[in-house]
Amino acid sequence: MKLVYRAKDITEAHIISGLLKSKGVDAYVGGHYLQGGVGDLAAMDFATISVADADADADAAISIIAEYESSAD
């Protein structure tokens with residue numbers, strides 16, 4: 001698996017994962033259980049999105065995420 005994105009929280013990670021899946025890129029959201037273990041610290045930078053090791057999947061995911069981020073501005 002290749003890490004392609006670090007989301008600000010688990011909700012954003014699932015939104016982006018759903019976007020990737022809707023475009024035909026299988027994505028895995030990681031960090032579900034890490035966020036609950038931080039206690040009083042801000043739960044940041046634990047939610048990640050990974051795709052298959054294939055370069056085509058990673059390239060497609062990065063392109064889709066870049067488009068998503070540019071439309072969010």
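**Exercise 1. Find which residue stands opposite Arg-6, then place the pair in the sheet.**

Step 1. Arg-6 stands opposite Thr-48 in E3. The model is predicted; local features need pLDDT of at least 70, side-chain atom pairs count only at pLDDT 80 or more, and totals for chains, interfaces and linings use all residues. Residues are numbered from 1 along each chain as its sequence is written, and side-chain values use heavy atoms, without hydrogens and water.

Step 2. E1 and E3 pair in the antiparallel sense over four bridges. Pairing requires that DSSP finds at least two bridges between two strands. Strands are DSSP runs (E, at least two residues), and helices are runs of H or I with at least four; both are numbered from the N terminus.

Step 3. Three strands form an open, antiparallel sheet in the order E1-E3-E2. E1 and E2 are the edge strands, each pairing on one side only.

**Exercise 2. List the core residues that touch the most other members.**

Step 1. Define the core: buried Ala, Val, Leu, Ile, Met, Phe, Trp, Tyr and Cys residues joined through side-chain atoms within 4.5 Å. Buried means under 20% relative accessible area (1.4 Å probe, protein chains only).

Step 2. The largest nonpolar core has 17 residues; Val-4, Tyr-5, Leu-20, Ile-49 and Val-51 touch the most other members. E1, H1, E2, E3 and H3 each supply at least two residues of this core.

Step 3. Take Val-51. Contact means heavy atoms within 4.5 Å. Not counting residues up to four places away in sequence, Val-51 touches nine listed partners, including Val-4, Val-25 and Ala-61.

How values were computed. Buried means under 20% relative accessible area, exposed over 50%, partly exposed in between (1.4 Å probe, protein chains only).
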